[in-house]
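Hi there,

Here is the structure I promised to pass on. Please have a look, and then read my notes below it.

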Amino acid sequence: MFRTAVAVFAAFSLAGPALADGLIDNVNGVTLDREGHVLRFTGLLLADGKVRALLAREAARPARPDWRLDMHGRVMLPGMIDAHGHVMELGFRAMALDLSDATSLADAQAMIRAYAAANPDKRWILGGGWNQERWHLGRFPTAAELDAAVGDRPVWLARADGHASWANTAAMRAGGVTARAVAPPGGRIERAGGAPSGVFVDAAKVLIQHAVPPPLPKERDAAFLTAQAILHRSGITAVADMGTSIDDWLSFRRMGDAGALRVRIMSYAVDQEVASAVGGRGPTPWLYADRLRMGGVGEIYEDGALGSRGAWLKAPYADAPGQTGAAQMTEDQLQNRMSRAAMDGWQVAVHAIGDRANAAVLDAIDVLAPTYGGDRRWRIEHAQIVDPADLSRFGQHGVIASMQPTHQTSDRTMAEARLGTSGIQGARLTGAYAWASMLRVGAKLAFGSDFPVERPDPWAGWAAAFTRADPDGQPFGGWRSEERVSREQAWWAFTGGAAYAGFAEDKFGILAVGQRADFIIVDRDPLLASPTELRATQVLETWVGGERMWERTP
């Protein structure tokens, strides 16, 4: 449904044009209103970093604004919001070895070897992005294969999903890992001949991670600035940062104090200890003109990932009949962690990918919701594989399904291999990446990318959400197309829905009077673009709080 902006300037005439900080005129402006209807406008009036009015073509303009900018008919949209990402990890990944483009083991080995040669002073070779599924390896890579690339110093590389990491022999030696090493609860050590073979899954990663030298504060700040620039180029003006550590928070604060925090961060503490240390008895207020707030605890990990077979399933994996994944904690531990956060007013965000994990989190919400009333907005992060019998439960207690559309397009063939495509096992796909079903049962959708697991590309996510097809248009007609959402529903999940998921809907998420003036200028109208054209969208400018933060150079 399309609407035209009403001539609302007259409503503000009593304040006088002198209070109008700026006018951005001659735009092809498009936003959604709070009901999800499309609203078009041609001018944006700003005051104190907020939207003062959306102006229709026929609406009167202030005679003497403090400043005026002519956009020459370019498209203006509300800034995109990524509802689930890892800001510092994005920056560190960009500054380290990136294997996301490797298409084979040999390709990865060559990239690792070249990176090590170009960085002779690095004590550890760190990075990630590898995916054995893309390599058609049929197994995890080994320490010996990593040694063949670099053997003179430790190498520690995260899998694309972040739920497994690959070590060479020097890294295992540095971590004190021997043949007798035992994985902690919620973790798994891949083995060959009884000895660790080089890949450590979920909680077992700590066996190596504890030996990795921590980054210096200046390195953290550099990682943040790198991540922020990536987000701006993508048209992202706000993010939900999952797993914020004390060191992350201090970096955000240093940036805010220096006037360099130019993206909005809805922060979720990595654990209750961090939340209490930062917020004391509850969430922090919004800081730096609504650019930073710690409001939740998350993501609390109930299971691992599908690709590393750490996702907790009700029935065994189709391609590993002896495995069902693993819970990261017991039922009581999960409820205790969620309760401890909720009792101090923190929003709770729990990671659940497998159907058994999602059922366990829903069970915990059922137990806790009567005790912790009010507007809690319980979040389930990913919600990738849900037993069809449990889908309706997402419509209860105001549960938010925080999901990532590009996970579906990236994981499709792997998900079929892990879950099966026929019989009882194949029936599990009915509840896989079930976005439309979530909306039908009354759940709230918030979309993100889980960067750096996936690239922070909201245009790819938007296209995937209403097509269920990858960049090559495969499969034709979309994978399990009944779970497509509409173009507008997908857009809302990347804007207003993502803001709502972080208790920020009164601050930003759409372009409306009183909202922060966070917007982007792009090279095409996304509502008129084909899926291929939408994926190719170029962001030309990114504005936060009425200030231009980034501009594409020719």
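**Aromatic pairs and a helix crossing**

Counting ring pairs by their centre distances gives 14 aromatic pairs. Keep in mind as you read that this is a predicted model.

One of the pairs joins tyrosine 433 to tryptophan 479: the centres are 6.1 Å apart and the planes make an angle of 70°, so the pair is edge-to-face, the cut-off for that being over 60 degrees. The two partners come from distant parts of the chain, 46 residues apart. Tyrosine 433 belongs to the loop between helix H12 (423-426) and helix H13 (435-440), while tryptophan 479 belongs to the loop between H14 and helix H15 (487-493). Tyrosine 433 has a relative accessible area of 1% and is therefore buried; tryptophan 479, at 6%, is buried too.

Elsewhere, one aromatic cluster is made up of Trp130, Trp135, Phe140 and Trp166.

Two arginines also lie over rings. Arginine 377 is over the face of tyrosine 500, 3.7 Å from the ring centre, and arginine 468 is over the face of tryptophan 435, 4.3 Å from the ring centre.

Now for the helices. The axes of H11 (residues 405-419) and H14 (residues 458-467) come within 7 Å of each other and cross at roughly 75°, which means that H11 is roughly perpendicular to H14. On the H11 side, the residues in contact are Pro405, Thr406, Gln408 and Thr409; H14 brings Ala460, Gly461, Ala464 and Ala465. By class, this contact has four nonpolar and four polar residues, with no charged ones.

Best wishes

Conventions: Residues numbered from 1 in each chain as written. Predicted model: local features only at pLDDT ≥ 70, side-chain atom pairs only at ≥ 80, totals over all residues. Heavy atoms only, no water. Axes fitted to C-alpha atoms, helices over the stretch in contact; angles between N-to-C directions. Helix = DSSP H or I, 4+ residues; strand = E, 2+ residues; numbered from the N terminus. Parallel < 35°, antiparallel > 145°, perpendicular 65-115°, else oblique. Contact = heavy atoms within 4.5 Å. Nonpolar A, V, L, I, M, F, W, Y, C, P; charged D, E, K, R; others polar. Phe/Tyr/Trp six-rings, centres within 6.5 Å; stacked < 30°, edge-to-face > 60°. Buried < 20%, exposed > 50% of the residue type's maximum accessible area, 1.4 Å probe, protein only. Lys NZ or Arg CZ within 6 Å of the ring centre and 35° of its normal.
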